[in-house]
Each structure stands twice: as C-alpha cells, then as structure tokens.
Amino acid sequence: MIRVSAVYLLAGLVFGAIAVFTALDRGAPKRWNNTAFWALFATSFLIGDRLGDLGNGLLVLAMVAIGGLGLGARAPVTGDADAREASAARWGDRLFLPVLVVPVTTLLGTLIFPHIRLAGAPLVEVKQVTVISMGLGVTLALMTAMIMLRPPLGAPVREARRLMDSVGWAAILPQLLAALGAVFALAGVGHAVGDLIGRWLPIDSRLAVVATYCVGMALFTMIMGNAFAAFPVLTAGVGAPLIVGKFGGDAAIMGALGMLSGYCGTLMTPMASHNIIPTALLELRPGAVIGVQAPTAVAVLIGNIALMYLLVFKV
Amino acid sequence: MLSLLGIPVVLIGLMARFNPIVVVTVAALVTGVGGGLSPLLIVSTLGKAFNDARYISVVFLILPVIGLLERAGLQARARARIARLRSVTVGGLLTSYLAARQLSAALGLLSLGGQAAMVRPLIAPMAEGADEVRDGPADGERRGLIRAHAAAADNIGAFFGEDIFIALGSVLLIQAVLEQNHLSAQPLRVALWAIPTALIAFIIHAARLRLLDRRLQRTAPPGDPS
C-alpha cells in the first residue's frame with residue numbers, strides 16, 4: 001500500500017536538496033540560517049515520525065528561532081527576461097501542459113484510487129488519497145517538464161530554492177497555526193471564551209444573538225487564523241445554547257452560516273496561511289491581500305447576519 | 001481564564017509587526033503555561049501537532065515544476081496569451097476565475113485552483129497581461145494591486161464554494177460539532193444553506209472587480225496605448 005509517508009519522503013528530499021544547494025552557495029544571503037532552516041524542515045519530513053513528540057517540539061522551536069533571526073532571499077526573478085521571452089515564443093501553449101498535469105492527476109487519483117485494491121488491501125492510504133494523488137501529480141509534471149524542456153539536472157532544485165526562499169519562514173506558519181490550535185484545545189481556551197461571552201454579553205434578542213455568533217466567529221477566526229478552530233468554541237458557547245436552545249433556531253442553517261462567517265474572518269487575518277502564502281509567492285507588501293479582501297469579507301459577513309436572522313428561526 | 005493570555009499576545013505581536021512564527025510560538029507557550037500545562041507537555045503538544053499537520057505543506061512540492069516552467073517563460077506566455085484577447089479586462093478575467101473557482105470548489109474540486117498551482121504561474125500574469133495591453137506597462141504599486149486581486153479571487157472563490165460540497169472537511173466538521181452539542185443536522189441541508197452566501201459573495205466581489213476595472217482605467221499611466 002502506498003502511504004502518505006512516500007509523499008513526505010519526496011518532500012524531505014526536495015527540502016534537503018534545497019538545504020545542500022544553499023550550503024554550497026558561497027554568496028547566499030544569510031547562508032547558514034537558510035541552510036539550517038531548510039535542513040530542519042527536511043528532517044521533519046524524512047524522520048518526523050521517529051523523533052517523538054518532544055523531539056518534534058524541539059525541532060519546531062529551533063526552526064522558529066532561526067526564522068525569527070531572519071532568512072535571506074535573492075532577487076526573485078529567474079534568468080534574463082529576453083531568454084524567457086524567446087523560450088515562451090518557442091514553446092507556446094505547450095508550457096501550460098505540465099501545470100495542468102498536477103490538478104488533473106490529483107482529481108483523477110482522488111476519484112479512482114479508493115476503488116483500486118491490490119491483494120485485498122487498498123492501493124493507497126484512502127484517508128490521505130488527495131495528498132498522495134497530488135504527490136504523484138507533481139512527480140509526473142516534473143518528469144514531463146524535464147523531458148520537454150531538457151534543463152540542466154540541477155535546475156528544478158535551483159528553481160525550488162528560489163521560490164522557497166521567497167516564501168521564507170512563512171512556509172511553516174500553516175503547520176505552526178495547527179500546533180497553536182492543539183495547545184489552545186488542551187489548555188481549554190474554547191471553554192474560557194465561551195464562558196466569557198456567555199457571562200459578559202447581554203444577549204437577549206434574536207438579532208443580538210445572531211450578530212454575536214457571526215461576528216464572534218469572524219473575530220475568533222482572525223485570532224486563530226482558522227475557522228475550524230473557532231467553530232466549536234462559538235457553537236458551544238453561543239450557537240447551541242442560545243440560537244437553537246433558547247430561541248429555537250435551525251441547527252443546519254446556523255452551522256452553515258456560522259462557518260461561512262468564520263471564513264469572512266479568514267479573509268481578513270494576517271494569521272491565515274491563505275493570506276500569507278500568496279503575499280510571499282506574489283512578492284506583495286504585507287497586508288496587500290487582506291486589504292483587497294476585507295471589503296468583500298465585511299459585506300459578506302453583514303449578509304450572513306441578515307440571512308441567519310431571516311432564515312434560522314423560520315425554516 | 002489565564003489560558004486566554006495567548007490571545008492578547010497574538011494581537012499585540014501582530015500589531016507590533018513582530019515575526020508571526022515567533023508570535024504564534026510565544027502565544028502557544030503563554031497559553032499553555034496559563035492553562036496550567038507543564039513546559040514539556042506544551043513543547044510535545046506543539047511537536048505532535050506540527051508533525052501531524054505536515055500534509056498542509058505538501059503543496060510546496062509543486063514549486064520545482066512551477067519554477068522550471070517560469071524559467072522557460074511560462075508567465076511571459078500567460079501574459080502574451082491574454083494580451084491577444086484585447087477585450088478582456090482585469091476585472092472580467094478575475095470574475096471568470098472567481099466563478100470557475102466557486103463552481104469547481106462546490107463540486108469538491110478544490111485542488112483545481114490554489115495560490116501556488118494556479119495564481120502565481122497563470123492567473124496573476126494573465127491579469128497583469130490584460131492590464132498591460134489596455135493601459136501599458138504598470139508601475140510597482142499598480143502591479144501589486146492587480147496581483148493581490150488575483151490572490152483574493154482565488155481565496156474568495158474557494159471559501160464561498162467549498163461549503164456547498166457535502167463531503168468536504170468543513171461540512172463534516174459542522175455536523176460533528178453540532179452532534180457534540182446534541183444537535184442533529186443532515187450534511188445535505190448544511191451544504192444547501194451555504195448557497196445563499198455563495199451567491200451574495202459572488203455578486204459583491206464581481207461588483208468590486210468592476211470597480212477595480214474603472215479604477216485601473218482612471219489611474220492608467222500616461223501614454224496609454226488604447
């Protein structure tokens with residue numbers, strides 16, 4: 001059976017190669033910080049399952065310390081513009097082919113792999129089928145691009161290094177936010193917030209309850225960087241006891257619109273990987289993506305409050 | 001209640017523009033100590049959750065492919081392709097992408113888009129190309145605005161499409177949380193009630209993209225070819 005660990009092995013090799021290329025590059029800015037950072041990330045992918053929880057925790061602290069000291073990045077553009085234009089003219093639309101291999105393989109793999117069994121066992125780890133299919137898609141796309149373009153063998157690693165350096169420390173933020181969520185859960189933050197809202201906010205009308213729930217979802221999502229972490233807290237603290245319990249609202253409508261209110265928060269927070277990764281990948285100034293998203297997010301949030309107020313007690 | 005101390009740490013840290021990975025880690029440590037956890041348990045919890053969440057970072061595996069293609073002129077090609085369609089505006093292009101992203105996410109096809117797989121190599125350069133052909137080469141700020149709008153269209157389309165698909169994580173999570181609170185809800189009904197918000201989000205954001213077109217036209221650099 002193909003497990004997700006095969007994809008982690010591949011990721012570990014890519015990050016390890018980036019670390020080696022960085023170490024060999026004498027002129028690299030913050031050469032050893034970058035080398036250590038990507039080497040530790042590679043370690044996490046290669047042997048994370050054998051490090052133990054404490055070992056992984058120390059690895060995380062080391063990466064945060066190095067990232068906090070600062071990583072270096074070179075000028076983000078690859079090669080010279082004239083060569084790129086010439087190559088673009090030569091290859092034309094065929095350049096799009098490898099890009100499309102990834103989503104198509106991911107899609108087909110996700111649909112087909114769960115049904116394939118070999119000697120009684122599923123061919124791939126079904127729970128992680130999307131991740132495994134994507135790993136396969138990336139491998140196929142890389143092979144297609146290498147055969148088509150025939151670049152020097154080191155080119156994929158050099159290019160990956162260029163792009164990963166432009167992402168920098170933000171690369172581990174999504175995983176770190178998941179880890180923060182785990183600590184919040186263990187320390188009982190959700191219950192504390194629920195208590196606080198229940199005790200201090202005077203919630204005695206339907207509109208006030210609905211608005212508290214939706215705005216609370218957005219705000220708590222902004223703090224946590226993730227609507228999935230906010231949803232259990234606000235639903236246990238406000239949604240279930242008040243909207244459904246006290247005022248007899250519909251649970252399905254409340255849940256759907258509550259989660260979507262959380263997404264409005266995701267669009268506005270610097271804590272969400274959805275905003276951090278494009279800011280890094282598109283070389284934008286901090287806050288550029290959030291600034292563009294915020295007006296839509298606020299308008300949709302108001303729309304959600306109105307929809308929930310109109311629908312949740314009626315249907 | 002002391003476990004809530006992590007929240008002001010996050011707020012103050014981000015407002016003071018400290019490095020977010022440091023802010024998040026300090027917030028986790030403060031929260032754990034405030035909640036009465038031992039330092040070793042806090043570090044172990046961080047480590048286990050970080051390790052379990054590695055699947056999130058698999059998305060970076062696409063970067064060697066994207067980088068190779070950029071080296072061979074992918075972004076230049078995407079720009080040139082769109083420049084041939086002279087009637088396409090930045091807002092029009094991004095509205096089409098928004099619709100495609102929402103519809104495919106609603107069908108469970110979240111992996112068809114994404115910031116690394118679609119926006120950086122294709123959508124952002126196409127949007128820049130659409131602007132360039134109308135209004136000439138852009139300065140840094142204008143270019144940044146257009147790129148940020150490309151990223152926003154991807155996020156907004158994904159967020160307000162995915163909840164319509166019943167088998168995705170969010171609908172299942174909503175159902176599970178409601179059950180923990182002794183409430184029952186069919187996934188199909190949860191998914192159905194995500195549709196009104198999806199429509200509202202599309203209408204609002206498409207309107208904003210029209211305003212973006214007007215703004216780009218108004219602020220076009222002098223010597224504009226159109």
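Start with chain A coloured by secondary structure: this predicted model holds 14 helices and two strands. Fit the whole C-alpha trace of chain A in the window; along its principal axes the trace spans about 70 × 50 × 45 Å.

Next, colour chain A by burial. Of its 315 residues, 53% are buried. Then draw the contacts in chain A with a separation of 6 or more: residues 24 or more positions apart account for 73% of them.

Now select residues 4-172 of chain A, which form domain 1, and give residues 188-311, domain 2, a second colour. Place a marker at the centre of each domain, taken over C-alpha atoms; the two centres are 33 Å apart.

How many residues of domain 1 of chain A are in contact with domain 2 of chain A? There are five, and they meet five residues of domain 2. On the domain 1 side, the touching residues comprise three nonpolar and two polar ones, with no charged residue.

Finish with helix H14 of chain A, residues 288-311. H14 has 24 residues, and the distance from its first C-alpha to its last is 35 Å, close to the 34 Å expected at 1.5 Å a residue. Where in H14(A) does the kink lie? Centre the view on Ala294(A): the kink there is about 40°. Show the side chain of Pro295(A) as well, since the kink lies shortly before this proline.

Terms used: Residues numbered from 1 in each chain as written. Chains lettered and ligands numbered in written order. Predicted model: local features only at pLDDT ≥ 70, side-chain atom pairs only at ≥ 80, totals over all residues. Helix = DSSP H or I, 4+ residues; strand = E, 2+ residues; numbered from the N terminus. Expected span 1.5 Å × (residues − 1). Bend = angle between axes of the 7 residues up to and from the residue. Domains from an automatic or database assignment. Contact = placed C-beta atoms within 7 Å. Nonpolar A, V, L, I, M, F, W, Y, C, P; charged D, E, K, R; others polar. Buried ≥ 20, exposed ≤ 12 C-beta atoms within 10 Å, placed from the backbone.
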